[in-house]
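Me: I am in my first year and would like a close look at one part of this structure, with enough of its surroundings to place it. Please start with how the chains are arranged, and then work down to single residues.

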Amino acid sequence: MSKRVKEILGWYGSENPGVRTNLARMLNHGHLAGTGRMVILPVDQGFEHGPARSFAVNPPAYDPLYHYQLAIDAGCNAYAAPLGFIEAGAAEFAGDIPLILKMNNHDVLHDEKDPLSAVTASVKDAQRLGCAAVGFTIYPGSANAQTMYQQCREMIAEARAAGLASVVWSYPRGTSLSKEGETALDVVAYAAQIAAQLGAHVIKVKPPTSHIEQPEAKKAYQKANVPAGTLAERVRHVVQSAFDGKRIVIFSGGATREDDEALFDEYRGIRDGGGFGSIIGRNSFQRQREHALAFLGNVMKIYAGEMK
Amino acid sequence: MSKRVKEILGWYGSENPGVRTNLARMLNHGHLAGTGRMVILPVDQGFEHGPARSFAVNPPAYDPLYHYQLAIDAGCNAYAAPLGFIEAGAAEFAGDIPLILKMNNHDVLHDEKDPLSAVTASVKDAQRLGCAAVGFTIYPGSANAQTMYQQCREMIAEARAAGLASVVWSYPRGTSLSKEGETALDVVAYAAQIAAQLGAHVIKVKPPTSHIEQPEAKKAYQKANVPAGTLAERVRHVVQSAFDGKRIVIFSGGATREDDEALFDEYRGIRDGGGFGSIIGRNSFQRQREHALAFLGNVMKIYAGEMK
Amino acid sequence: MSKRVKEILGWYGSENPGVRTNLARMLNHGHLAGTGRMVILPVDQGFEHGPARSFAVNPPAYDPLYHYQLAIDAGCNAYAAPLGFIEAGAAEFAGDIPLILKMNNHDVLHDEKDPLSAVTASVKDAQRLGCAAVGFTIYPGSANAQTMYQQCREMIAEARAAGLASVVWSYPRGTSLSKEGETALDVVAYAAQIAAQLGAHVIKVKPPTSHIEQPEAKKAYQKANVPAGTLAERVRHVVQSAFDGKRIVIFSGGATREDDEALFDEYRGIRDGGGFGSIIGRNSFQRQREHALAFLGNVMKIYAGEMK
Amino acid sequence: MSKRVKEILGWYGSENPGVRTNLARMLNHGHLAGTGRMVILPVDQGFEHGPARSFAVNPPAYDPLYHYQLAIDAGCNAYAAPLGFIEAGAAEFAGDIPLILKMNNHDVLHDEKDPLSAVTASVKDAQRLGCAAVGFTIYPGSANAQTMYQQCREMIAEARAAGLASVVWSYPRGTSLSKEGETALDVVAYAAQIAAQLGAHVIKVKPPTSHIEQPEAKKAYQKANVPAGTLAERVRHVVQSAFDGKRIVIFSGGATREDDEALFDEYRGIRDGGGFGSIIGRNSFQRQREHALAFLGNVMKIYAGEMK
Amino acid sequence: MSKRVKEILGWYGSENPGVRTNLARMLNHGHLAGTGRMVILPVDQGFEHGPARSFAVNPPAYDPLYHYQLAIDAGCNAYAAPLGFIEAGAAEFAGDIPLILKMNNHDVLHDEKDPLSAVTASVKDAQRLGCAAVGFTIYPGSANAQTMYQQCREMIAEARAAGLASVVWSYPRGTSLSKEGETALDVVAYAAQIAAQLGAHVIKVKPPTSHIEQPEAKKAYQKANVPAGTLAERVRHVVQSAFDGKRIVIFSGGATREDDEALFDEYRGIRDGGGFGSIIGRNSFQRQREHALAFLGNVMKIYAGEMK
């Protein structure tokens with residue numbers, strides 16, 4: 001095992017060998033194996049946004065097997081999806097790539113202001129399907145956040161008992177936050193902290209902007225003069241907010257963009273700020289397979305330091 | 001076993017032999033045995049609409065044994081009903097036809113805008129009554145959808161442990177949707193996707209219209225130029241939205257209509273679009289028994305390809 | 001065992017021998033033993049309306065032992081009451097009369113528009129007290145109906161496991177219904193259907209009026225020209241609505257009335273319409289004991305066909 | 001055992017020997033042992049009203065051991081208090097006096113209109129602390145009454161399984177009732193009936209006034225001409241309302257009053273109306289210890305018939 | 001063991017040896033070992049206020065290991081933190097300092113008026129991480145207080161079964177209280193009483209002001225002429241309100257202040273009023289490590305009586 005992976009596993013000293021083994025499985029798989037960086041393919045948009053909005057632009061992606069193959073061929077560290085998608089290929093691709101079973105989901109046929117995701121899978125499902133980890137979304141800022149925090153903590157405890165690692169999607173949303181606030185630096189850093197305090201092993205947040213949402217926080221940022229001008233600086237602050245960098249923090253890829261260079265710049269910023277990688281859905285599966293493979297290849301080169 | 005049924009069972013590779021056996025029982029029963037198509041008789045209208053609205057037009061249908069016999073004589077793949085109706089004949093007709101126990105129900109004595117069905121049976125009931133599958137209704141679009149998704153997932157998991165298959169009625173309803181939106185193409189396709197992601201083995205939806213309800217979805221349909229002019233095209237899209245056709249999707253028969261030819265055309269559209277069959281209640285039991293048998297015979301001929 | 005009781009038990013073919021034994025215990029007890037008809041004494045008014053409204057008119061009735069003795073001496077098929085009343089005499093009268101433990105209750109110190117009864121006893125209570133059956137009230141039409149349906153189903157399942165029969169009081173109430181609608185023919189028939197679908201073995205409803213509450217139902221009644229002019233016709237329709245007469249449906253006695261002949265006419269109507277009997281509380285215990293015994297004697301003669 | 005205690009225990013014939021033993025322990029302890037009357041010291045005001053309002057007037061009462069000693073020295077039948085107070089002395093005073101663990105409590109830092117007490121102890125706590133009984137407050141008339149009824153019933157069932165007796169504080173409160181209605185004769189009698197129906201062994205209510213709150217009840221009281229002019233008459237009606245006197249009904253002592261004679265008259269009224277005793281908190285511990293002992297001594301003499 | 005610690009443990013006579021052992025572990029650790037006084041380092045502000053507001057002023061404090069080392073080097077009696085922070089160092093610092101696992105937490109991304117903390121850890125977590133105690137926050141005065149009281153009681157019961165001590169943060173908040181009322185003398189004393197009645201072993205409250213919030217309480221304070229002019233007097237009243245001083249009551253350190261002497265005066269007041277110590281977060285970790293060590297050293301000298 002690489003020195004870097006050993007170092008990372010060292011941060012999880014309270015965890016049992018099962019959890020650490022599964023963290024290692026993800027860190028040691030694919031193109032970025034051993035680097036301590038991760039690129040994960042997540043495909044929950046069929047549930048979260050609907051099938052046509054997700055797959056009509058690239059129809060082969062309606063097929064759950066497509067994504068398994070894409071994640072494997074691209075050399076991703078792991079593939080994450082809801083129950084149905086994981087079930088559809090778990091037997092066929094058993095052992096080919098670490099799987100993250102997404103445990104809760106939300107759809108937009110009813111899109112409430114203070115969202116609460118439905119729990120759509122269990123740790124037992126993750127075990128029978130051979131997964132390495134479970135994934136859970138929390139919405140800090142939602143009036144329903146307490147419910148999700150509690151479900152999340154219980155899921156992590158249950159997953160630990162099964163020797164599985166836990167990945168937490170921490171996405172601020174709700175009536176307490178402005179739209180701009182959902183990606184504000186203070187809010188994203190706070191969301192990373194909450195996930196870490198709940199016991200997440202891997203934390204997924206959105207790349208933060210330089211906006212500061214909460215007046216009390218603004219005072220603290222100004223007083224301490226926290227650097228926030230570049231994405232790298234902001235990523236560094238978020239990573240620091242997750243136990244001074246002792247938790248794996250990865251960043252979501254966001255909506256599909258046409259301009260690959262702008263995306264590459266974003267990944268460079270994450271890399272240079274000490275981010276541990278990206279979890280890239282729509283920018284992967286909403287292009288033709290060949291383009292997606294080329295694109296993901298470049299992303300991994302950026303994280304591996306093989307491309308500036 | 002026919003090649004087609006083997007192919008279909010192959011899509012459920014993560015399932016245990018019990019679940020696959022029960023899927024096979026339904027696919028291999030009745031007139032359409034082995035074709036991969038299904039016609040199911042469902043009788044939950046007594047609960048959902050009231051007894052007189054359901055049965056007064058054909059009084060023998062007040063008797064639960066009537067429906068067992070009708071489903072058997074018509075050569076249906078399965079018979080689906082709520083607890084009381086199933087209990088009333090399960091001993092007498094034991095082993096005569098695969099049974100689907102409907103696990104939740106809703107009545108219109110109190111008809112709320114964001115419906116939530118009551119859970120009215122359990123997997124243990126399905127086991128003691130000798131059922132092949134359990135059935136569950138979800139209402140995507142309802143403010144109570146999360147509750148139903150969670151109940152549905154738990155039911156599927158419990159049914160699996162008992163080796164039973166799961167059929168999900170996915171009917172969009174609720175204050176977030178217009179009346180027209182309940183059968184809109186994007187909404188029905190989304191409802192099929194959600195059921196599939198929850199782990200349904202068989203998915204029941206309504207035949208979609210060409211209306212598109214959600215503005216964000218409309219953009220995707222226009223951009224991808226999804227064909228939606230004919231029912232066959234719309235059915236194809238819905239089937240594609242359920243894991244690219246790798247889940248069994250059947251279509252509800254709707255309210256009683258006088259014009260049989262119009263109904264036959266609808267079944268032809270479903271067939272030609274790759275739909276797996278129909279689940280026909282009111283158009284079966286709200287006619288005299290002889291007419292019903294003739295009608296269902298024709299429907300099965302359409303699905304079997306024995307009638308244009 | 002009489003042929004009629006054997007026939008009735010035959011309708012419950014999916015039930016275990018314990019449940020059928022307890023149904024038989026009630027059908028084979030008292031004056032109406034073996035006739036397939038039942039007269040039950042229920043005393044839950046102390047909880048439902050308060051003690052003075054229930055018992056001040058006949059003060060010996062404050063004593064729980066009074067009702068045991070009354071039911072026994074009158075030759076009722078069973079005695080039904082809430083936990084406290086049953087406990088107060090279960091030891092003293094052990095084995096003297098089949099007992100129905102009322103499992104939920106509602107009081108009018110807080111009388112909400114959409115009622116939800118409190119669960120006030122358990123199947124374990126019924127077992128330790130030697131009961132033959134459990135009783136449960138549902139209020140179809142209440143915004144809380146789903147909760148009660150689910151509690152009811154769980155109670156029936158638990159009672160079955162203990163070999164006990166289940167009696168369901170199905171009383172439409174709630175903001176969705178007009179006052180007149182609570183006893184409307186369509187609503188009472190619907191309430192009987194719901195109880196039957198939930199798995200009730202014995203169903204208690206109110207005698208229906210000829211009013212039709214729901215517009216959609218009215219169309220069906222008119223189209224099918226359902227006879228509803230006499231109480232016997234309306235009772236026949238309600239009994240038909242409970243699985244074509246294959247479930248035991250009994251009718252509540254209602255508020256105290258002075259005119260015995262009018263009451264006797266009502267029982268004649270129930271009898272002639274195929275109703276299985278009556279459950280008569282206030283008209284029994286709100287008279288002096290001797291009058292009550294005479295009155296109940298006549299009621300049973302009517303049901304036994306010994307009195308026109 | 002005295003004849004009277006044997007008679008009282010006879011009313012609880014459905015109970016197991018453990019429950020009857022613990023009822024006997026309370027009835028046979030202290031100055032009133034064997035008389036069938038009870039005086040109990042309850043100290044939950046620290047939780048219900050706050051410490052200063054409860055104890056500042058007699059500071060030694062801040063100490064939980066003070067109350068144990070007071071109850072013992074006064075010769076009370078039992079001492080009742082919340083978890084913390086009971087725990088604070090249960091080891092030191094083990095076996096010295098029967099204990100009633102108060103299982104739920106309410107505070108006035110948030111004083112809602114439709115109160116719901118928090119469950120603050122368990123039957124397991126009562127067992128490990130050596131208690132003879134558990135105590136539970138219900139608020140009939142509160143919109144939250146159903147919840148409390150259900151908790152109460154479950155507590156009684158669990159306590160029974162542990163051989164413990166159950167004492168129910170039945171205090172009408174809530175938006176459905178006027179302030180005057182909380183102690184109205186019909187309402188207090190109804191509250192006693194509800195507690196009895198829930199299975200309470202000992203019922204605590206407030207001394208009723210002659211006010212009648214509910215219009216429907218008023219008709220019944222007038223028709224039956226229920227005597228209600230004196231406290232003794234009203235107590236007799238309340239005791240009658242609790243299973244015709246076959247349940248132990250005790251009366252709360254109310255707020256501190258300066259006029260001992262007025263209090264003595266109240267206890268005489270309870271005694272003469274057939275009440276089983278008093279549960280006297282503030283009038284006991286809000287006086288100096290010596291005065292309290294003298295006062296309680298007189299109260300017990302009244303109940304023992306040693307003082308007019 | 002010191003005489004004082006023996007005396008303190010004597011107050012917990014109903015507790016099992018495990019709980020008393022863990023209370024002793026905290027009382028016998030660090031600079032104040034054996035004195036019966038405690039200074040605890042709590043670090044839950046990352047969750048409660050956000051990471052930047054908590055740590056930006058002293059960036060090494062982003063690292064969870066920093067706080068472990070600070071608490072150890074300062075000679076604190078214990079270190080308290082949420083799950084994530086405890087997990088991050090529990091293996092590395094195993095056995096070095098008694099740990100208090102904070103079991104519920106609240107964040108300000110959604111800051112409701114009647115707060116309810118999310119349960120973010122379990123007693124099983126405390127056991128696997130080697131903790132001496134669990135910590136729980138209740139908000140008396142919140143409309144959600146009942147829920148928290150019940151969770152708190154259950155946590156204490158579960159912790160007892162595991163031999164762990166329980167620390168309760170009792171912080172009045174909610175729509176029923178004015179801002180000033182949150183630290184009013186009557187309210188803080190009431191909050192201490194509630195925590196004690198719930199079974200807390202160690203109670204944490206805020207230092208009270210001389211304001212009296214509740215009109216009913218004001219009468220009692222005036223009538224009894226409770227001294228409240230100095231902090232020492234007010235602390236004495238609060239300690240008295242927690243079972244006449246027979247429960248360990250400690251006081252929170254509050255927001256960061258620049259003026260050390262003012263803080264020292266506060267600790268002197270707590271000490272002189274019979275308070276058992278302080279729990280000091282922000283005034284510890286929001287300064288540079290060396291200053292924090294010097295500051296905490298002085299605080300302990302004050303409590304040890306080594307400094308006036």
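Reply: Chain A is superposed on chain E by a rotation of 72° with 0.1 Å of shift along its axis, and the RMSD is 0.0 Å. That is the relation of a five-fold axis. Within chain A, the C-alpha nearest this axis belongs to A:T147, which is 11 Å from it. Keep in mind throughout that this is a predicted model.

Chains D and E can be treated in a similar way. A turn of 72° and a shift of 0.0 Å along the axis lay chain D on chain E, with an RMSD of 0.0 Å. In chain D, the C-alpha nearest the axis is that of D:T147, again at 11 Å. Some pairs of chains do not meet. Chain A and chain D are joined by no contact, and their closest C-alpha atoms lie 20 Å apart. Chain B and chain D are likewise without a contact, with their closest C-alpha atoms 20 Å apart.

Now to the part itself, the loop between α11 and β9, taken in three chains. In chain D, the loop between α11 (231-241) and β9 (248-252) holds D:F243. Its backbone deserves a look. Most residues other than glycine have a negative phi. The phi of D:F243 is near 65°, a positive value in a residue other than glycine. D:F243 counts as buried, because its relative accessibility is 0% and the cut-off for buried is under 20%.

In chain E, the loop between α11 (231-241) and β9 (248-252) contains E:D244. E:D244 is not a glycine either, yet it has a positive phi of about 55°. Its relative accessible area is 32%, so E:D244 is partly exposed.

In chain A, the loop between α11 (231-241) and β9 (248-252) includes A:K246. Not counting residues up to four places away in sequence, A:K246 touches A:W11 and A:Y12, and also E:D63 and E:L65 of chain E. Here, then, a loop residue of chain A is in contact with residues of chain E. A:K246 is also 9.6 Å from A:E7, C-alpha to C-alpha, although 239 residues separate the two in sequence.

For the surroundings, turn to chain B and begin at its start. Helix α1 (residues 3-10) and helix α2 (residues 17-27) of chain B pack at an angle of about 145°, with their axes 11 Å apart. The crossing of α1(B) past α2(B) is right-handed. On the side of α1(B), the contact is made by B:V5, B:I8 and B:L9, and on the side of α2(B) by B:R20, B:L23, B:A24 and B:L27. By class, this contact has six nonpolar residues, no polar ones and one charged residue.

Helix α12 of chain B covers residues 260-272, which is 13 residues. From its first C-alpha to its last it reaches 18 Å, close to the 18 Å expected at 1.5 Å a residue. Its buried residues are B:L263, B:F264, B:E266, B:Y267, B:R268, B:G269, B:I270 and B:R271. These buried residues pack against several elements of chain B, among them α11 (231-241) and β9 (248-252), the two that flank the loop. The others are β10 (277-279), α13 (282-285) and α14 (289-304).

One residue elsewhere in chain B shows contacts across the sequence. B:L70 sits in helix α5 (residues 64-74) of chain B. With a relative accessible area of 0%, B:L70 is buried. Leaving aside neighbours within four places in sequence, B:L70 is in contact with B:L41, B:S284, B:F285, B:R289, B:A292 and B:L293. B:L70 and B:E290 are 220 residues apart in sequence, but 9.5 Å apart in space, C-alpha to C-alpha.

E:A157 makes a useful contrast in chain E. It is found in helix α8 (residues 145-161) and counts as partly exposed, at 27% relative accessibility. E:A157 and E:L185 are 28 residues apart in sequence and 29 Å apart in space, C-alpha to C-alpha.

How values were computed: Residues are numbered from 1 along each chain as its sequence is written. Chains are lettered from A and ligands numbered from 1 in the order in which they are written. This is a predicted model: local features need pLDDT of at least 70, side-chain atom pairs count only at pLDDT 80 or more; totals for chains, interfaces and linings use all residues. Side-chain values use heavy atoms; hydrogens and water are left out. Helices (H or I, at least four residues) and strands (E, at least two) are DSSP runs, numbered from the N terminus. Buried means under 20% relative accessible area, exposed over 50%, partly exposed in between (1.4 Å probe, protein chains only). Contact means heavy atoms within 4.5 Å. Copies are superposed by least squares on the C-alpha atoms of residues with pLDDT of at least 70 in both. Axes are lines fitted to C-alpha atoms, for helices over the stretch in contact, and angles run from 0 to 180 degrees between N-to-C directions. A crossing is left-handed if the near helix is turned anticlockwise from the far one by less than a right angle, and right-handed if clockwise. Ala, Val, Leu, Ile, Met, Phe, Trp, Tyr, Cys and Pro count as nonpolar, Asp, Glu, Lys and Arg as charged, and the others, Gly among them, as polar. The expected span of a helix is 1.5 Å times one less than its number of residues.
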